[in-house]
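Student: I've got a model loaded and would like to talk it through with you. Can we go piece by piece?

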Amino acid sequence: MDVKERLVALFAEALLAESDDIGTDVEIASLGVDSILAAQLGRLISHGFNIAVTPTDLYECVTIDGLAVHVGRCLADKWRQSGFGSDTPRGTVAVLGDEGLDDDRIVVVGMAARFAGCDGLDAYWDAIMDGASRLKVAERRGWHDDGGVYVGGFLTGHDSFDAGFFRISPNEARYMDPQQRLLMQSVQHAIDDSYLGADELRELQCGVFAASLPGDYKFVVARQPGQAFSTHSFLGNAASTLSGRISYFYDFNGPSLTLDTACSSSLSALHEACLNIQAGQCGAAVVAAASVFSTPELFRFAQRSGMSSPTGRCAAFSNDADGFTPAEGCAAIILMRLGEARVRGLRVYGAIAATGLNHDGKSNGLMAPNARSQSALIRGLYQRHGVNLDGLAYVETHGTGTHLGDPIEMRGLTGAFRDCGKDYTCLLGTVKPVIGHTLVCSGLASLIKVLLSFRHEAIPPFPLLGKPNELIDFAGFRMNPDPLPWPKDKTLCAVSAFGFTGSNGHVLLQKIPATMLEVPARPAGEALPFCFSAQSRNSLIASVMQLRDDIAALGKDVLYDVSQLLLRRPCYGLHCVVVAADMSGLRLALDQLVQELRAGDALRDVPLAMCGLSLSEAMVSLVTLWCAGKQEQVRSQLLPVASLDPDVRIPVYPFDGRRYWLDGDAQDEVADPVMRSLEPSSDALVETLRVAVAELLGFSRDELPVDVLIEDLGLDSLSALKLLSPYRERCPGLQAHDLFKYRTLADLGAAIVAYGVDDGAGGGTSPEVAPGRGSSPVVSGPMAQWLSYGEGRPIVLTPPLNTGAEAWTQQIAMLAQSGRRVLIPIYPGHKECPFDASTFSLEELAEDIAIFMGQQARNDAIDLVGWSLGGCLSCLIAINHPDLVRSLTLVSTAPSFNEDVFDNTLDLHDELNAHKDILEVVFDGAEDLIAKIGAGASMNVLRYYYNALVRFDINAGLGKISMPVLLAHGQDDCVIDDAAFSRLSCIPGASRLVVKGHGHFIPLTASRFFNTHLLRFLNREFVG
């Protein structure tokens, strides 16, 4: 809960009101806060936040929004002044365990890292402990055309990306700076490592604080003159897009910044993230950085200027130091308050004890480091936070291996420590000899190294290349040639990073003792589910294989912990579940699953039993929720991550990388598509749209099935305009943003064909708003055909006998505007829908509608509204398929009919004429209202329907209807009398809506009254 939410809760408590009724942007005085209440609120806020807030503060801040800013600043000031908690005396270090840390301390709960020769956290730690250089000669196409040789730290797969996972089209991916592409994947891996759901981070108003080089991929794009100014080239190479893409994809609403302070960039981003969390601007933050070279330009510059190492090493603090070696890197961390991490039961890598930034000011040159400024930064930070050097285990230095930088860094460090006025012994560390200088990513490389040291309880060896620099006075600092256990009496470690334009950063990290929450004993020998999911089959196979390899390395029975962690992963488009009760059984099941997936076999759904093993009812329920994407409900039934074995970590998402690069190859040329004219039929139009989308976005046609979701294509507004441009004359009302209202290309094609059919003119009424008689079916089933309007949560409207979608004219627009996708069946024998007398019955038609609802529901129930015949069909569905129906509305419906049902319907024409003045306005002056809403069913067809209605009787099944029900009845209904309506009222808990002065056609003749109550009912408000 962030500062504002906590304040709203306190105001609600004092005012005896609901939190939802407390406006945060209105004057506090207008909420009814008088002087007495102001004093009470001041005490509540002061106690709740452990700061001093007076009644005057409340009125001066004017609103709760303003008060939240004030409280956030007070918390930030308190953090800066008190350092390690309000009870810590100044001048002493807080060597505290987890139980002594303030809930407001910011901690790291997830990490991801890719560096030269190190793909992932485990590989990075192995490289750190090994200490051997991962630097090598570049092996990239075109880099050596000038005869140059470039040594550095290079990532594998720098040109690969899983565009489909991030819903980015192939063409857009080709134009994206690889720093954007790789950073998006690293952020996903950091989220995976935290075991948080993206929905949890959204709830926390997660901020994004990113850093990257001024990317050089734009030079690659510029080599393609015809594409340099394409739709995607600007966004793909703009620095601000780095953070923006991450916030956009995950729908994060917190601050989103891209920073560049050169080599201190990632520590600057960390500093900003901490300040924003402390100020209540966000409850969590992603800090991320990427350095990727698309061309050898930086290497050429560094060589010509004499800054880079001619030997291709990074000999930090060594006599052999001769310059830095550029390297690539990509890293991300997830931050939040310790209290939030505790509430969510997360594992914590360590705490951010303090952060600080300053600048050299005017020194010996813009690029010359300044020892006095570096010393002032460190000294001031330690003094503000009362740091006792006895608690500092080691300093992870910037350590670039340059003639000038290393001695100046040590002078600044020793000067700051000397000013503390006591003797000290402290170890030094640097990671650049191993992975090179990752520039804007170097601060995160150092920070993640320290956090991994916390986790592994070890101080890595110093990778010294040659003898220590004889010109440097190391004072109390030492270099350990071998790994050391982490000292039990020291909990602090420092990280430095200095930018070449004078921006300096220093961070103090605190180690938190590893603790596991106490939980009940794990069930032994119980069959457990192991859930896997991905967006592609290749990724799904890779995830299964990774887990198989990882559990083999653990060497102990951790089945329960693995099962729990897998259930915390999202359920993507493809998923499967295996069941096992022991480690050997799991290995066999995973081996078999890999073989099945490679063979292209169908994916496994929720198993009740496998290999003789049966899941418990509770486990089946849990897996069912997981498969339905109900992550919040799943998490509520799982053990906290912090209570599980800390050695058990399941693999992060294995991306299905494909090469995206503009390198002049014929297959990489991306030309604007030739947009084709409108085809005469819906099927032909859908095929035309598939071809156009493939050419526009760079897909192969095999990747675009007819039912591909439009939201997964990666279309932006400019691409949407191009796609729709051939149809603008026929469909003048169709705008680019309308495209995203349709689920699939088939839906879009049907909507385009439906435009203007009634009058044969170029302009017509969009079927999104009002249905025309010529509206084309979106889907054809075995019996009924279907029309679709709007986008959002599906709702099914089943019409009366021999009427079309026009009967629902007054409801379609209202429901579409409220964020619902309206689905209306065309019954057999109505309009152009075929009728087969040999298979027709109301029960079969209801089953056909239920099948369609199941396909549309996507594991969720659907609101169902039935009118007259449609009400009868809806009752059958509610009785036989209650899991499909979220709510049931019945209009002018009876549970059974007499043999005179046909005779009674003859009076319906008179009822419509009684409201002719209103309905002529609705239907634009139409004189024959029956014809206007009719479906053109022949008497031969209607005979079968009336015979079926005479046999229809569900009185005995009304008690089985268990979902919320709204019954609407007109007192003047000539078909459904009061006695029939009373029998229908036997449905348990049904709400009744009786409309005076109206009859069978309530949705048309009393539309405003009916729509108001229908919306209230659908929104679960009281109706009656």
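Tutor: What follows is a round of questions and answers on this predicted model.

Student: Let's start broad: what share of the residues of the protein chain count as buried?
Tutor: The protein chain comes to 37 helices and 30 strands. The cut-off for buried is under 20% relative accessible area. Of the 1024 residues, the share that falls under it is 59%.

Student: And what percentage of the contacts with a separation of 6 or more comes from residues 24 or more positions apart?
Tutor: Here we look at contacts in the protein chain and leave out those with a separation under 6. Within that set, the part from residues 24 or more positions apart is 78%.

Student: How many disulfides does the structure hold?
Tutor: Take Cys 330, which is buried at 0% relative accessibility. Its closest cysteine sulfur is in Cys 441, 6.4 Å away, and that is too far for a bond because a disulfide needs sulfur atoms within 2.5 Å. For the structure, the number of disulfides is zero.

Student: Is Cys 263 buried or exposed?
Tutor: Its relative accessibility is 8%. Buried means under 20%, so Cys 263 counts as buried.

Student: On to helix pairs: at what angle do the axes of H15 and H16 cross?
Tutor: H15 covers residues 371–384 and H16 covers residues 405–418. Their axes come within 8 Å, and the crossing is right-handed. The angle is roughly 35°.

Student: How do the residues of the contact of H15 with H16 divide into nonpolar, polar and charged?
Tutor: From H15, the residues include Ala 371, Ile 378, Arg 379 and Tyr 382. On the H16 side, Ile 408, Glu 409, Gly 412 and Phe 417 are among them. Sorted by type, the residues of this contact come to seven nonpolar, four polar and three charged.

Student: Why is E17 largely enclosed by the rest of the structure?
Tutor: In a regular strand the side chains alternate between the two faces of the sheet. On one side of E17 sit Ser 503, Gly 505, Val 507 and Leu 509, on the other Asn 504, His 506, Leu 508 and Gln 510, and all are buried. So E17 is largely enclosed because its buried residues number eight of the eight.

Student: Which residue in the turn between E16 and E17 has a positive phi?
Tutor: E16 (residues 492–498) pairs with E17 in the antiparallel sense over seven bridges, and Ala 497 has Gly 505 as its bridge partner. The two strands form a hairpin with four residues between them. With a phi of about 100°, the residue is Gly 502.

Student: Which residue of E17 does Ala 354 stand opposite?
Tutor: We need strand E10 (residues 350–359), which pairs with E17 in the antiparallel sense. There are eight bridges between E10 and E17. Ala 354 stands opposite Leu 508.

Student: How many bridges join E29 to E30?
Tutor: Both faces of E29 are buried: Val 965, Leu 967 and His 969 point one way, and Leu 966, Ala 968 and Gly 970 the other. E28 (residues 885–891) pairs with E29 in the parallel sense over four bridges, with Val 891 opposite Ala 968. E30 (residues 991–995) also runs parallel to E29, Leu 967 stands opposite Arg 992, and the bridges joining E29 to E30 number five.

Student: What do the buried residues of H20 pack against?
Tutor: Eight of the eight residues of H20 (residues 559–566) are buried, so the helix is largely enclosed by the rest of the structure. Among them are Tyr 560, Asp 561 and Gln 564. They pack against strand E18 and helices H19, H21 and H22.

Student: How far apart in space are Arg 337 and Val 107?
Tutor: Arg 337 is in strand E9 and counts as buried at 12% relative accessibility. Its contacts beyond four places in sequence include Asp 103, Asp 104, Val 107 and Gln 278. Arg 337 and Val 107 are 230 residues apart in sequence, yet C-alpha to C-alpha the distance is 5.9 Å.

Student: Last one: which residue is 7.3 Å from Ile 51 in space?
Tutor: Ile 51 lies in the loop between H2 and H3, and it is buried at 11% relative accessible area. The partner is 24 residues away in sequence, and the 7.3 Å runs C-alpha to C-alpha: Leu 75.

Note on methods
Residues are numbered from 1 along each chain as its sequence is written. This is a predicted model: local features need pLDDT of at least 70, side-chain atom pairs count only at pLDDT 80 or more; totals for chains, interfaces and linings use all residues. Side-chain values use heavy atoms; hydrogens and water are left out. Buried means under 20% relative accessible area, exposed over 50%, partly exposed in between (1.4 Å probe, protein chains only). Axes are lines fitted to C-alpha atoms, for helices over the stretch in contact, and angles run from 0 to 180 degrees between N-to-C directions. A crossing is left-handed if the near helix is turned anticlockwise from the far one by less than a right angle, and right-handed if clockwise. Contact means heavy atoms within 4.5 Å. Ala, Val, Leu, Ile, Met, Phe, Trp, Tyr, Cys and Pro count as nonpolar, Asp, Glu, Lys and Arg as charged, and the others, Gly among them, as polar. Two strands pair if DSSP finds at least two bridges between them.
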